[in-house]
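Student: Please take one part of this model and look at it closely. I would like the surroundings of the ligand, then whatever else can be said about the strands.

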Amino acid sequence: MLLPRRTVLRPLGFSPSGLHFRLCLHNQAGFVFTQTKAYIFKRGFTIAPSSASSPHSKWALLGAGVALAGTSAFLFMSEEKFGGIQTIFVPSKEDYQNVYTEIARLLIEMDEYDDGSYGPVLLRLSWHTSGTYDKTTGTGGSNGATMRFAPESDHGANLGLVHAREFLEPVRKMFPWITYSDLWTLAGVAAVQELGGPTIPWRPGRQDADSTACPPDGRLPIASKGPPHLRAIFYRMGFNDREIVALSGAHALGRAHTDRTGYEGPWDFSPTVFTNEFFRLLVEEEWLKREWDGPLQYTDKTTKTLMMLPTDMALIEDAEFKPHVERYARDSDVFFQEFTDAFVKLLELGVPFKGQGRDRWVFERSE
Ligand code: HEM
């Protein structure tokens with residue numbers, strides 16, 4: 001049975017102009033489309049004339065969006081099914097699990113980067129794509145993945161994140177139906193889980209946008225500043241003091257690079273394992289100003305191999321932040337739980353979830 005398009009689209013609140021918008025966006029990403037008329041059923045199936053095919057493969061992209069089919073990702077048609085009649089592919093939880101599994105596989109395979117894992121830089125990508133959110137204007141946030149474009153890709157805070165974006169390109173090619181904004185946030189989830197952190201529930205539904213949606217520079221925190229700056233940046237997103245401290249615990253992973261931000265070194269001795277070590281060391285170590293030519297950063301008195309940023313030190317200098325640092329230093333489970341809650345919130349800031357996106361999913365870790 002074929003339904004005329006307008007009959008179905010109107011009740012679902014989807015407009016043909018919305019359809020055109022998405023086609024334009026993906027054209028920028030280099031896809032070639034066939035703007036075939038398609039007939040779309042409420043539950044996400046489409047039957048369309050069989051002339052629609054992509055030069056890339058048997059898949060043809062049909063610009064049907066999330067609201068349309070109750071799912072979050074782009075919908076694809078395949079000529080293979082139903083004897084030449086094309087059908088729409090609606091990604092399921094299993095499909096997103098496959099994306100997760102591929103990221104996890106690559107994390108293990110590509111172990112020559114930095115301290116042996118791309119995980120930390122993936123986590124930083126997911127944070128920087130989300131942390132531009134402004135609750136007052138509703139702009140920025142993970143929806144859009146606008147860091148693909150200048151000027152956002154060139155913002156000083158984002159230097160080095162090209163490594164994370166390039167790491168994920170083969171994954172995007174393998175699963176071309178996923179939006180970059182869903183892919184980048186899912187990569188953050190995979191990084192935390194695969195490096196031994198808590199389980200992070202995640203849901204799809206982000207839509208990519210073009211460069212006109214790039215947030216202005218200056219929305220991410222500046223490491224040389226103190227508590228008022230941290231509060232100004234994180235309150236703007238809608239976080240409180242406890243959440244600021246919990247999220248900062250991500251610095252258990254990775255390191256700073258002089259050629260990216262000017263800072264140097266890891267925060268703890270296991271930068272590829274997600275732990276509460278960042279907090280334990282903050283509380284238990286003595287931190288000295290590092291004597292060097294670079295920007296002000298702190299080094300541990302015992303080994304002089306670790307580092308803290310001024311904003312990290314602000315967490316034990318501020319009377320409201322410090323009790324949370326101490327709680328997390330004492331109890332890893334509490335840190336894992338409160339980090340999870342704050343990180344889930346971070347990845348979802350400003351995203352208008354619909355359909356499948358109403359439910360969060362938990363993805364299985366690699367063996
Ligand atoms: C509180 C304010 C924050 C400041 C000022 C800050 C600043 C920085 C700086 C300067 C670096 C070094 C980057 C480099 O040179 O490569 C860094 C790395 C990192 N940050 Fe933050 N950050 C903050 C919060 C966060 C949050 C909320 C997360 C995640 C939830 C996060 C995750 C990371 C990770 C994983 C790295 C290591 C990246 C790598 O190894 O390449 N940071 N951060």
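**The shell around the ligand**

Tutor: Helix 5 gives the largest share of the shell around the ligand, with five residues. Keep in mind that this is a predicted model. In total, 24 residues surround the ligand. The closest are Pro 120, Ala 250, Gly 254, Ala 256 and Thr 261. Helix 5 spans 119-130. Two other elements also give two or more residues to the shell: helix 9 (241-248) and strand 6 (255-256). By character, the shell divides into 14 nonpolar residues, seven polar and three charged.

Now the strands. Strands 8, 9 and 10 form an open sheet, in the order 8-9-10. The pairing is antiparallel. Strand 8 (287-289) and strand 10 (307-308) are the edge strands, and each pairs on one side only. Strand 9 covers residues 298-300. Three bridges join strand 8 and strand 9 in the antiparallel sense. One residue pair can be named here: Trp 287 has Asp 300, in strand 9, as its bridge partner.

Between strand 9 and strand 10 runs a loop, and Thr 305 is found in it. Is Thr 305 buried or exposed? Thr 305 has 11 other C-beta atoms within 10 Å. The cut-off for exposed is 12 or fewer. Thr 305 is therefore exposed. One more distance involves this loop residue. Phe 269 is 36 residues from Thr 305 along the chain, and their C-alpha atoms are separated by 8.8 Å.

Note on methods. Residues numbered from 1 in each chain as written. Predicted model: local features only at pLDDT ≥ 70, side-chain atom pairs only at ≥ 80, totals over all residues. Pairing = 2+ DSSP bridges. Helix = DSSP H or I, 4+ residues; strand = E, 2+ residues; numbered from the N terminus. Buried ≥ 20, exposed ≤ 12 C-beta atoms within 10 Å, placed from the backbone. Near = placed C-beta within 6 Å. Nonpolar A, V, L, I, M, F, W, Y, C, P; charged D, E, K, R; others polar.
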